[in-house]
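User: Hello! I am new to reading protein structures, and I would like a close look at one part, the nonpolar core. Could you walk me through what it is made of and what lies around it?

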Amino acid sequence: MKHLLSTQDLSLHNAIRILDTAEEMSAVGDREVKKLPALRGRTVVNLFFEDSTRTRISFEAAAKRLSADVINFAAKGSSVSKGESLKDTAQTLSAMGADAVVIRHWASGAPHRLAATDWIDAGVINAGDGTHEHPTQALLDAFTMRRHWAKLSGAPSEGADLKGMRVAIAGDVLHSRVARSNVWLLRTLGAEVTLVAPPTLLPIGVEKWPCSVSYDLDETLARGVDAVMMLRVQGERMNASFFPSTREYSRRWGFDDNRLRALDTLGMKDTIIMHPGPMNRGLEISAAAADSPRSTVLAQVRNGVSVRMAALYLLLSGDSREAAATPVLATAGTAHSTKESI
Amino acid sequence: MAGNTGTYLIQGASILGGEPADLLIRDGIIAEVGTGLSPEGQDGDVTVIDAAGLVALPGMVDVHTHLREPGREDAETVETGTRAAALGGYTAVHAMANSTPVADTAGVVEQVYTLGRTAGWADVRPVGAVTVGLAGEQLAELGAMADSRARVRMFSDDGICVHDPVLMRRALEYVKAFDGVVAQHAQEPRLTAGAQMNEGEVSAVLGLAGWPAVAEESIIARDVLLAQHVGSRLHVCHVSTAGSVEIIRWAKERGINVTAEVTPHHLLLTDDLVRSYDPVFKVNPPLRTDADVQALRAGLADGTIDVVGTDHAPHPSEHKECEWAQAAMGMTGLETALSVVQHTMIETGLMTWADFARVTSAAAAQIGRLEDQGRPLEAGEPANVILVDPAARWTVDPFRMATMGRNSPFKGRELPGKVVATFFKGHPTVLDGELNTPYPHAAVEAGAA
């Protein structure tokens, strides 16, 4: 794995490999000294063209737990009109010896450009690009679901997929990189996905996606779900005629208290409620739902660090360093030895 | 009659892909067409060109070229753009109005016209802006541009749609006074705010804002009805969707005076290429689907679409070496048009070389009202002639082109057909596939005086 740009081209083998590695990484987070020497001497640059404190600190914590040197580069603003171009920024980071670039960009495809051009040779991790993809978010969501799904079946998470799991993703699918990355990854892992949204917030062409589509959240819940993922409604959508008002949105597509009760009424005691954060409490999710025992919001944040550690580790230790890298994990005393060749 | 541009005897060229014949070009005119013509007995020096295996065609006429001068000489100049035109087989180009300053006055169109004359590689026919500054608010002085030395007949805000229906109606009506035509860039602005690529299956996956076909089709539908209502001549630039072809076919059946153009890139490329996020594939209108490509080919073959226009749009590299959303829209096209049309239309059996001559030359000259272009290859006609080797195969390398733009979407593709010679008013601007010398306007006029 040279880059992590998208979940669409992530094979089942590689997806499971990342999730399994993340399980090992998560054990590190449970120890008193939350640090591995695996990436000592390697430099990871967090290149953020768009504000996202949560994602940045998650990657920063992940890199530091692997002992990498971390540089945070906040390059907000449009690259051509307001300053340096992406090409010049990339070449600058390359000259400074960056081994991996974690890029967040408002423009869809910007990470692909970094990976496809000769501007920089480093491994590229997509930390969210425009309305395209956010692969590490989907991986941490899948990691969270897999733990839940495995616990229910009484089997270990390692090596498992999500076959048979019913997942509803509700909200602004049109503008959501989280929804796209989840649809591809969950399909690969064998889950059954239903997208629930107002028709205005579904892309033309969604009918070709490997999932079902519904305009009715209640009906989707009534048919049975094992996980409900609520998407954030961005402020700039609210006055662009995508829906009449926030109240109407909330009534029809928000996970409110009535729907929280409905899960109990319908007998779905094990259904979890997910949200990638930050939440609009009272809009797409009610406070009671967000704070209920079903909510995995904080577990998702915690798992995000493990998944990002796994991604950085697998990218930077690469196939050529495989032999040297495996003992690093082993000597660090993680809970599980590496079971498959990574 | 033109002055002394020499005598050339082209032997054994297949005229419009038909039977081989000889063409004698003398002093800017096709003096004779026949078989067994001999250099013996001609006055003065005769240059003999062996054209066995080559196809002779009328010099191509582009209804849609961006030469960028004045204002963006870092992207292209009239000199470099018309060198590219000559190499691509063009003897006339219509220079679009979106320069800086905009070609919305007699002064600017005369400047572009004069730059074209000075360069001498092709007829440069400036297109006048429909509205002042392309702002879509007030008609530019269309009559002054028509009466200028540039004799403007085509008017367009290309790059921007004349979306105000009243303004469009007035423009269509007004240009009737001097047999002008309004060339519309059909793009409903509200439906395409922030649009990045064709809206459909691919844009859904890539998360790029969609550019729906209906944004083009709704404007074309409105404009053909307006043209019918006021009895005017309408030209539709760069038609890109199957639905647009249907609307234009319907309009023509009703006798509406509409012509339409398709670009070579829309005849070959689809939005699948955008999956690379390489901005070399970013263009306005956007690359569409394979179904659209097939409909455009069928429309060009059956005459619904009248002409091929390149929409040659060179950009400096920094406007393409960036994020997709930041990148400029446009592709170069002058030096690849013939090959792409041969590949998509002739080698597929949809068209003959005679059809090619119609859609790349005769019909285009008719739309722009160019009297000396797009003429039959017959004795007494102006000698705007090209020789094409249809058996040649070449790999597109943007760095070996005459245009300053390196933004060719065909980079690395092997394409058929090569322009071997271009005669512009009897003078070879291209010989042996290489630039020769420009047409010596000054010397010819001094000699003729």
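Analyst: Happy to help; here is a walk through the core, followed by the sheets, the helices and the contact between the chains. Please keep in mind that this is a predicted model.

Let us begin with the core itself. The largest nonpolar core has 251 residues, and the members that touch the most others are Val101(A), Leu312(A), Ala56(B) and Phe155(B). In soluble globular proteins, nonpolar side chains tend to be buried together. Helix α12 of chain A, residues 297-317, contributes the most to this core, giving 11 residues.

Now zoom in on one of those well-connected members. Which residues does Leu312(A) touch, once its neighbours within four places in sequence are set aside? They are Leu39(A), Val44(A), Ala62(A), Ala63(A), Leu66(A), Ala68(A) and Ala100(A).

Two of the strands to look at next are β1 of chain A, residues 43-48, and β3 of chain A, residues 100-105, which pair in the parallel sense over five bridges. For one pair to find on your screen, take Phe48(A), whose bridge partner in β3(A) is Arg104(A). Both strands belong to an open, parallel sheet of four strands in chain A, ordered β2-β1-β3-β4. At its edges are β2 (69-74) and β4 (123-129) of chain A, each pairing on one side only. From one strand to the next, the twist averages 15°.

Let us return to helix α12(A) and see what it packs against. Two packed helices are described by the angle between their axes and the distance between the axes. Helix α1 of chain A (residues 12-29) and α12(A) have axes that come within 7 Å and cross at roughly 120°. This crossing of α1(A) and α12(A) is right-handed. Among the residues making the contact are Ile18(A), Ala22(A) and Met25(A) from α1(A), together with Val307(A), Met309(A) and Leu314(A) from α12(A). Sorted by class, the contact of α1(A) with α12(A) has 10 nonpolar, four polar and no charged residues.

Over to chain B, where you can look for Ala56(B). This residue stands opposite Leu387(B) in β16(B). Strand β5 of chain B (residues 55-58) runs antiparallel to strand β16 of chain B (residues 385-395), and four bridges join them. Strand β16(B) is also joined, by eight bridges, to the antiparallel strand β17 of chain B, residues 414-424. In β17(B), Leu415(B) is the residue opposite Trp394(B).

Chain B also has an open, parallel sheet of five strands, in the order β9-β10-β13-β14-β15. Strands β9 (154-155) and β15 (307-308) of chain B stand at the edges with a single partner strand each, so one side of each has no neighbour in the sheet. Strands β13 (residues 234-236) and β14 (residues 258-262) of chain B run parallel, joined by three bridges. Here Val236(B) is found opposite Ala260(B) in β14(B). Helix α6 of chain B (residues 213-230) lies across β10 (181-184), β13 and β14 of chain B, running at about 165° to β13(B).

Last, look at where the chains touch. The contact takes 18 residues from chain B and 24 residues from chain A. On the side of chain B that touches chain A, helix α5 of chain B (residues 201-206) gives the most, with four residues. By class, that side of chain B has seven nonpolar, six polar and five charged residues.

Terms used
Residues numbered from 1 in each chain as written. Chains lettered and ligands numbered in written order. Predicted model: local features only at pLDDT ≥ 70, side-chain atom pairs only at ≥ 80, totals over all residues. Pairing = 2+ DSSP bridges. Axes fitted to C-alpha atoms, helices over the stretch in contact; angles between N-to-C directions. Core = buried A, V, L, I, M, F, W, Y, C linked by C-beta atoms within 7 Å. Buried ≥ 20, exposed ≤ 12 C-beta atoms within 10 Å, placed from the backbone. Contact = placed C-beta atoms within 7 Å. Left-handed = near helix turned anticlockwise from the far one by under 90°. Nonpolar A, V, L, I, M, F, W, Y, C, P; charged D, E, K, R; others polar.
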